[in-house]
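These are my notebook entries from a session with one structure, kept in the order in which I looked things up. I wrote down what I searched for and then what I found.

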Amino acid sequence: MSTDAAPDVRPAREFGLDEAWRLDERVSLRPERFGALLYHFGTRKLSFLTDPRLSAAVLALAEQPSARAACAAAGISAAELPRYRRALAALAASGTIRPEERADGTAD
Amino acid sequence: MAPLIDEFQYGLEAPICLTWELTYACNLSCVHCLSSSGRRDPRELGTAECKALIDEFERMQVFYVNIGGGEPTVRSDFWELVDYATAHHVGVKFSTNGVRITPKTAARLAGSDYVDVQISLDGATESVNDAVRGAGSYRTALQAMENLAAAGFAGFKLSVVVTRHNVGQLDAFEEIAERLGAQLRLTRLRPSGRGADVWDELHPTADQQRALYEWLLEHGERVLTGDSFFHLAGYGQAPPGLNLCGAGRVVCLVDPIGDVYACPFAIHDAFRAGNVRGDGGFARVWRESELFADLRRPQTGGACSACSAYDSCRGGCMAAKFFTGLPLDGPDPECVRGHGETALAAVAPGTAPRSMPDHSHGRAAGSGRVPVTIGRRPPERTCEESPLAGFSEAVR
């Protein structure tokens with residue numbers, strides 16, 4: 001389906017919850033009732049998020065200093081975090097989200 | 001994934017993609033043209049209107065548009081509009097007969113992530129192609145593809161409408177695609193537009209259809225098909241990358257004068273949802289039109305519900321039924337169980353509705369055609385099988 005892009009990030013288990021992540025600039029995310037649609041302009045692949053809170057967390061990455069903070073902003077509890085971490089790791093592996101380039105340590 | 005596809009049939013916030021016919025003008029006169037193109041329509045959207053529509057697509061996050069026509073590249077503002085769309089995060093895939101794909105243009109296209117090109121060719125040999133698309137069209141298309149290949153554009157699409165005369169050339173098409181670094185895309189011949197005039201002679205026979213199905217099962221992973229052949233799922237196994245009618249639910253058509261139709265194969269008042277020039281623009285048509293609301297309601301299978309193949313084929317293609325005079329809740333005219341042939345035999349000659357706008361060369365506007373209106377009924381609901389396959393292909 002949507003995950004054919006060559007993974008160029010760390011394996012899922014090492015997904016950095018405390019690091020800053022961003023939606024790849026070639027990816028467009030559109031919230032829908034069931035979650036969200038994602039379209040990657042580079043690979044021309046469409047994929048889906050079937051959880052509105054995961055969609056909210058991915059959108060929150062843009063203004064949060066870490067994936068953990070983005071999950072919190074999306075209303076994801078600490079107990080639920082492992083599940084969402086796995087989902088984010090899969091998105092990282094597909095190149096949908098990427099580590100933020102941090103030149104000076106500040107989040108924009 | 002069934003619950004997700006259930007969501008799709010109730011419609012999305014915006015189309016995933018839509019077909020946008022930029023002009024009815026065309027340098028060719030293909031006998032099966034689904035939009036009956038030829039002459040430009042004087043009411044065509046102007047450059048500023050097209051850009052405003054692209055702005056709207058951007059706001060709605062329509063991921064990309066399939067631009068066609070007519071021959072879209074004959075519009076003098078074509079490249080300006082392509083650039084405008086991609087600068088506004090609306091991807092472009094355009095269909096062309098290749099007439100304007102010069103080496104210089106090909107080089108330019110090869111450089112963009114946001115533009116994909118689809119070259120139409122309906123015969124793997126000059127004689128088979130030109131019989132349908134017109135003299136010289138085979139050479140034009142081949143030259144365009146060679147220009148793209150030379151420019152390093154990998155993965156452009158070689159797009160073929162499958163007919164009785166080229167269905168035996170599928171391997172040859174694949175060889176051409178492979179030689180030029182293209183990907184083969186096969187679509188179904190629809191009895192839409194001028195296609196209605198030639199459908200009886202050009203649509204694949206039952207035996208050919210079976211062979212096509214087998215071929216798709218064998219080669220399907222490498223070949224794109226749009227949502228073309230989901231009626232073949234009635235044979236038993238869903239061919240890869242198929243199986244969804246998204247009309248008015250996840251796709252639609254905007255024609256050159258801004259009319260919005262449920263799908264590119266249904267250019268008829270019965271499937272016209274509104275016009276982008278109206279109050280509220282395209283977004284309002286997409287979100288509020290009565291027609292689209294109807295299409296997004298759960299559908300019933302009518303005469304087909306009792307058939308064991310119904311869960312696979314979902315009654316087939318709405319447009320194919322409509323333009324052959326069949327009821328929308330009955331079988332597809334090419335039903336693999338043969339129910340379509342029986343149903344077609346009961347249609348009185350000359351009573352099938354015709355696509356309404358006709359811009360064919362050599363035909364006076366509005367001449368000769370008396371569309372017969374049959375009751376508008378919603379089509380079958382979308383197929384539930386392999387939604388990801390269907391959609392990942394739909395966005396290629």
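Which residues in α2(B) meet which residues in α10(B)? I was working on a predicted model throughout, and I began with this pair of helices. I found that B:L53, B:E56 and B:M60 in α2(B) meet B:G281, B:F282 and B:A283 in α10(B). Sorted by class, I have four nonpolar, one polar and one charged residues in the contact of α2(B) with α10(B). For the geometry I noted that α2(B) and α10(B), the latter spanning residues 281-288 of chain B, pack at an angle of about 50° with their axes 8 Å apart. I entered α2(B) as oblique to α10(B), because an angle of that kind falls in neither the parallel, the antiparallel nor the perpendicular range.

Entry on the second partner of α2(B). I looked up α3(B) next and found that the axes of α2(B) and α3(B) come within 10 Å and cross at roughly 20°. Angles under 35 degrees count as roughly parallel, so I recorded α2(B) as roughly parallel to α3(B). The crossing of α2(B) and α3(B) is right-handed. By class, I noted five nonpolar, one polar and two charged residues in the contact between α2(B) and α3(B). As for the residues themselves, B:T47, B:C50, B:K51 and B:I54 in α2(B) meet B:E80, B:L81, B:Y84 and B:A85 in α3(B).

Entry on backbone oddities. I kept in mind that most residues other than glycine have a negative phi, and that most peptide bonds are trans. Against that background I looked for exceptions in both chains.

In chain B I found a cis peptide bond, running from B:G69 to B:G70, with omega near 15°. I placed B:G70 in the loop between β2 (64-68) and α3 (78-87) of chain B.

I also noted B:S36, which is not a glycine and yet has a positive phi of about 45°. Is B:S36 buried or exposed? I counted B:S36 as buried, because it has 26 C-beta neighbours inside 10 Å and the cut-off for burial is 20 or more. The loop that holds B:S36 runs between β1 (17-21) and α2 (47-60) of chain B.

In chain A I noted A:R44, a residue other than glycine whose phi is positive, near 55°. The loop between β3 (35-40) and β4 (45-49) of chain A is where A:R44 sits. I entered A:R44 as partly exposed because its C-beta neighbours inside 10 Å number 18.

Entry on the two chains as wholes. Chain A has three helices and five strands, and when I read along its sequence I wrote down the pattern β-β-β-β-α-α-α-β. For chain B I recorded 15 helices and nine strands. Buried residues come to 35% of the 108 residues in chain A, and to 57% of the 396 residues in chain B. On contact range, I noted for chain A that 60% of the contacts with a separation of 6 or more come from residues 24 or more positions apart. In chain B, among contacts between residues at least 6 apart in sequence, 71% join residues at least 24 apart.

Entry on the largest nonpolar core. Which of its 138 residues touch the most other members? I listed B:V65, B:V92, B:L148, B:Y261, B:A262, B:C263 and B:A266. Helix α3 (residues 81-93) of chain A gives the most to this core, with six residues. I then took B:Y261 from that list and, leaving aside its neighbours within four places in sequence, found contacts that include B:C252, B:L253, B:D255, B:F271 and B:R272.

Entry on two loop residues of chain B. I placed B:V250 in the loop between α9 (206-219) and β7 (253-254), and I counted B:V250 as buried because it has 24 C-beta neighbours inside 10 Å. Beyond four places in sequence, B:V250 is in contact with B:F8, B:L12, B:P15 and B:I16. The C-alpha atoms of B:V250 and B:W286, 36 residues apart along the chain, are separated by 9.9 Å.

My last look was at B:A346, in the loop between α14 (339-345) and α15 (387-394) of chain B. I entered B:A346 as exposed because its C-beta neighbours inside 10 Å number 9. Between the C-alpha atoms of B:A346 and B:E21, 325 residues apart along the chain, I noted a separation of 34 Å.

Definitions and conventions. Residues are numbered from 1 along each chain as its sequence is written. Chains are lettered from A and ligands numbered from 1 in the order in which they are written. This is a predicted model: local features need pLDDT of at least 70, side-chain atom pairs count only at pLDDT 80 or more; totals for chains, interfaces and linings use all residues. Helices (H or I, at least four residues) and strands (E, at least two) are DSSP runs, numbered from the N terminus. A residue is buried if 20 or more other C-beta atoms lie within 10 Å of its own, exposed if 12 or fewer, and partly exposed in between; C-beta atoms are placed from the backbone. Two residues are in contact if their C-beta atoms, placed from the backbone, lie within 7 Å. A nonpolar core is a set of buried Ala, Val, Leu, Ile, Met, Phe, Trp, Tyr and Cys residues joined through C-beta atoms within 7 Å. Axes are lines fitted to C-alpha atoms, for helices over the stretch in contact, and angles run from 0 to 180 degrees between N-to-C directions. Angles under 35 degrees count as roughly parallel, over 145 as roughly antiparallel, 65 to 115 as roughly perpendicular and the rest as oblique. A crossing is left-handed if the near helix is turned anticlockwise from the far one by less than a right angle, and right-handed if clockwise. Ala, Val, Leu, Ile, Met, Phe, Trp, Tyr, Cys and Pro count as nonpolar, Asp, Glu, Lys and Arg as charged, and the others, Gly among them, as polar.
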